[in-house]
Amino acid sequence: MLWIYYASLKSDAFLLITINSFGCLVETIYIAFYIMYAPKKARISTLRLLLLLNFVGYCMILLLSHFLAKGSTRVQVLGRICVAFSLSIFVAPLSIMRLVIRTKVVEFMPFHLSLFLTVSAITWLFYGIFLKDLYVAILNILGFIFGLLQLVLYGVYRNKSKMLVVEGAQLPQHSIDMTKLSTITLASEAKPNSTDCKGQNMDQSGKIKNIYTKKNE
């Protein structure tokens, strides 16, 4: 929404308005589905965050920039605010990148998402350069750097992830075999021997016969 307001203050920024309007629509649908199916506690925290940032925060920025800044100064202030907030989109995957480095598994970082984010950053970088929009250009320089790092990580750990998956796929079979083996061992220990039982029964029957013979005598 901030980028829409920023683009509305500039001329020849129709593409910024259209792409960010479409982004707002898609993100609103995502948030609506999340609120519908999320647990109650997560739903309440999401609604609070949505109210705080998207309504209170946006209205405060809108009012302060409108009354405290005029002309080109307002565009510069809004441009810096937009870059600061949009930077979190590119910084957010840093936690995933750290997880990939620590686990050596790239399944947490989808390749196509990283690829298209990088391509998008390159495209908007040239858009900002051609229109001499410093804020759009700076933001997408950072987006290109983070996207390229993700692609490099994917290339480095892609084969290692396959090796870990293959090794992990063999583990359940070994664990099942050990479980069966331990079960059979315990059952064999707990099951009484048939020859011992027969011997015990014969001893007991012999003792009974001796007692009966003594009584008759």
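## An all-helical predicted model

Take helix H2 first. H2 has 24 residues, and at 1.5 Å a residue these should span 34 Å; the end C-alpha atoms of H2 are 35 Å apart, which agrees. The buried residues of H2 are Leu-16, Asn-20 and Ile-35. The model is predicted.

### Overall make-up

The protein holds eight helices and zero strands. From the N terminus on, the order reads α-α-α-α-α-α-α-α. Of its 217 residues, 23% count as buried. About 16000 Å² is exposed, and carbon and sulfur atoms supply 71% of that area. Contacts between residues at least 6 apart in sequence were also sorted by separation: 67% of them join residues at least 24 apart.

### The cores

In soluble globular proteins, nonpolar side chains tend to be buried together. Here the largest nonpolar core has 19 residues. Trp-3, Tyr-6, Leu-16 and Val-136 touch the most other members. Helices H1 (2–8), H4 (72–91), H6 (111–130) and H7 (134–190) each give two or more residues to this core. Apart from it lies another core, of six residues. Among its members are Met-97, Val-100, Val-106 and Met-109.

What does Val-136 contact, leaving aside its neighbours within four places in sequence? The partners are Trp-3, Leu-16, Trp-124, Tyr-127 and Gly-128.

Tyr-127 lies in helix H6. Tyr-127 counts as buried because its relative accessibility is 15%, and the cut-off for buried is under 20%. Beyond its neighbours within four places in sequence, Tyr-127 is in contact with Asp-12, Ala-13, Leu-15, Leu-16 and Val-136. Leu-15 is 112 residues away along the chain, yet the two C-alpha atoms are separated by 9.7 Å.

### The salt bridge

The structure holds one salt bridge. Asp-133 pairs with Lys-10, and the closest N and O atoms are 2.8 Å apart. Asp-133 sits in the loop between H6 and H7, and Lys-10 in the loop between H1 and helix H2 (14–37), so the pair ties together parts that are 123 residues apart in sequence. Is Asp-133 buried or exposed? At 4% relative accessibility, Asp-133 counts as buried. Lys-10, at 29%, counts as partly exposed.

### The N-terminal end

Met-1 lies in the segment before H1. Its relative accessibility is 40%, so Met-1 counts as partly exposed. Leaving aside neighbours within four places in sequence, Met-1 is in contact with Cys-24, Asn-54 and Tyr-58. Met-1 and Ser-21 are 20 residues apart in sequence; C-alpha to C-alpha, they are 7.6 Å apart in space.

### A nonpolar surface patch

Nonpolar side chains also appear on the surface, in a patch of about 1200 Å². The patch is made by Leu-49, Leu-51, Leu-52, Leu-53, Phe-55, Val-56, Met-60, Leu-63, Leu-64, Phe-67 and Leu-68. One of these, Leu-53, lies in helix H3 (residues 40–68). Leu-53 counts as partly exposed, at 46% relative accessibility.

### Accessibility of selected residues

The table gathers the residues discussed above.

| Residue | Relative accessibility | Class |
|---|---|---|
| Asp-133 | 4% | buried |
| Tyr-127 | 15% | buried |
| Lys-10 | 29% | partly exposed |
| Met-1 | 40% | partly exposed |
| Leu-53 | 46% | partly exposed |

Conventions: Residues numbered from 1 in each chain as written. Predicted model: local features only at pLDDT ≥ 70, side-chain atom pairs only at ≥ 80, totals over all residues. Heavy atoms only, no water. Patch = residues over 30% accessible without salt bridge, like charges linked within 9 Å, V, L, I, M, F, W, Y side chains within 5 Å. Areas by Shrake-Rupley, 256 points an atom, 1.4 Å probe, with all protein chains shown as cover. Salt bridge = Lys/Arg side-chain N within 4 Å of Asp/Glu carboxyl O. Helix = DSSP H or I, 4+ residues; strand = E, 2+ residues; numbered from the N terminus. Buried < 20%, exposed > 50% of the residue type's maximum accessible area, 1.4 Å probe, protein only. Core = buried A, V, L, I, M, F, W, Y, C linked by side-chain atoms within 4.5 Å. Contact = heavy atoms within 4.5 Å. Expected span 1.5 Å × (residues − 1).
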